[in-house]
Amino acid sequence: MNGLRRTLLFLSLMSVSVGLSVLLLGKGAKEARQERFINPIVEQARVNDLWPIGQHFIVGYHEYEEIATLVDAGAVGGVFVSQRNVAGKTKEQIKEEIDLLQSIQVKHNRPPLFIATDQEGGIVSRLSPPL
């Protein structure tokens, strides 16, 4: 039974990962993503159930609230920061958001999140400005 439960959680997390990657366009996209992909997983699983699998996922996000919910539930082990996450924010605001996510990990006695991005430093500069 434990193996079946882990498999179901893995498949659920894969659905969340794919769902977060496939953008829902149009009015209410934020609410649709939250309702369709994030809420069902978080509501059906306890934190300890998600972390053994979730720690292997690094995911991108649209809204801070979305990723904070997943981090709190133990559904991810890292965050991919892209231009849409830094647009219109100062370096300090970006650092504060990441620090808040890391504090959620500390609250649950988990290791720090991996923070990833695609910043090659050459002609392509996905995080400029502000970084």
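Helices here are DSSP runs of H or I with at least four residues, numbered from the N terminus. With that in hand, let us walk through this predicted model, starting from one residue in helix 6.

That residue is Gln-105, and the helix that holds it spans residues 91-107. Is Gln-105 buried or exposed? Its relative accessibility is 1%, and because buried means under 20%, Gln-105 counts as buried. What surrounds it, once its neighbours within four places in sequence are set aside? Gln-105 is in contact with Trp-51, Val-71, Arg-110, Pro-111, Pro-112 and Leu-113. Val-71 is worth a second look: it sits 34 residues away from Gln-105 along the chain, yet the C-alpha atoms of the two are separated by 7.2 Å.

Staying with helix 6, we can turn to its charged residues. How many salt bridges does a search of the whole structure find? The count is 3. One of them joins the side chains of Lys-107 and Asp-72, with 3.2 Å from N to O. Lys-107 belongs to helix 6 while Asp-72 belongs to helix 4 (residues 64-73), so this pair ties together parts that are 35 residues apart in sequence. The two partners fall into separate accessibility classes: Lys-107 counts as exposed at 55%, and Asp-72 counts as partly exposed at 29%.

Another salt bridge stays inside one helix. Asp-99 pairs with Lys-95, and their closest N and O atoms are 2.7 Å apart. Where do these two residues lie? Both are in helix 6, with their positions 4 residues apart in the numbering, or about one turn of the helix. Lys-95 is exposed, with a relative accessible area of 51%, whereas Asp-99 is partly exposed at 36%.

The side chains of Lys-89 and Glu-97 also meet in a salt bridge, at 2.8 Å from N to O. Here Lys-89 is partly exposed, its relative accessible area being 24%. Glu-97, by contrast, counts as buried at 17% relative accessibility, because the cut-off for buried is under 20%.

Now for the sheet. Strands of a sheet pair through backbone hydrogen bonds, in either a parallel or an antiparallel sense. Which sense applies in this model? The pairing is parallel, and 3 strands form an open sheet in the order 1-2-3. At the edges are strand 1 (58-60) and strand 3 (114-116), each of which pairs on one side only. From one strand to the next, the twist averages 25 degrees.

If you follow the strand 1 side of this sheet, you will find that strand 1 and strand 2 (residues 78-80) pair over 3 bridges in the parallel sense. Which residue of strand 2 is the bridge partner of Ile-58? That partner is Gly-78.

Ile-58 also leads us out to the surface. Together with Phe-80 and Phe-114, Ile-58 forms a nonpolar patch there, and the three have about 300 Å² of accessible area together. Phe-80 lies in strand 2 and is partly exposed, with a relative accessible area of 30%.

To retrace the route, we began at Gln-105, which counts as buried, and moved on to the salt bridge between Lys-107 and Asp-72 that links helix 6 with helix 4. From there we reached the open parallel sheet and the nonpolar patch of Ile-58, Phe-80 and Phe-114 on the surface.

Terms used:
Residues numbered from 1 in each chain as written. Predicted model: local features only at pLDDT ≥ 70, side-chain atom pairs only at ≥ 80, totals over all residues. Heavy atoms only, no water. Buried < 20%, exposed > 50% of the residue type's maximum accessible area, 1.4 Å probe, protein only. Contact = heavy atoms within 4.5 Å. Pairing = 2+ DSSP bridges. Axes fitted to C-alpha atoms, helices over the stretch in contact; angles between N-to-C directions. Patch = residues over 30% accessible without salt bridge, like charges linked within 9 Å, V, L, I, M, F, W, Y side chains within 5 Å. Areas by Shrake-Rupley, 256 points an atom, 1.4 Å probe, with all protein chains shown as cover. Salt bridge = Lys/Arg side-chain N within 4 Å of Asp/Glu carboxyl O.
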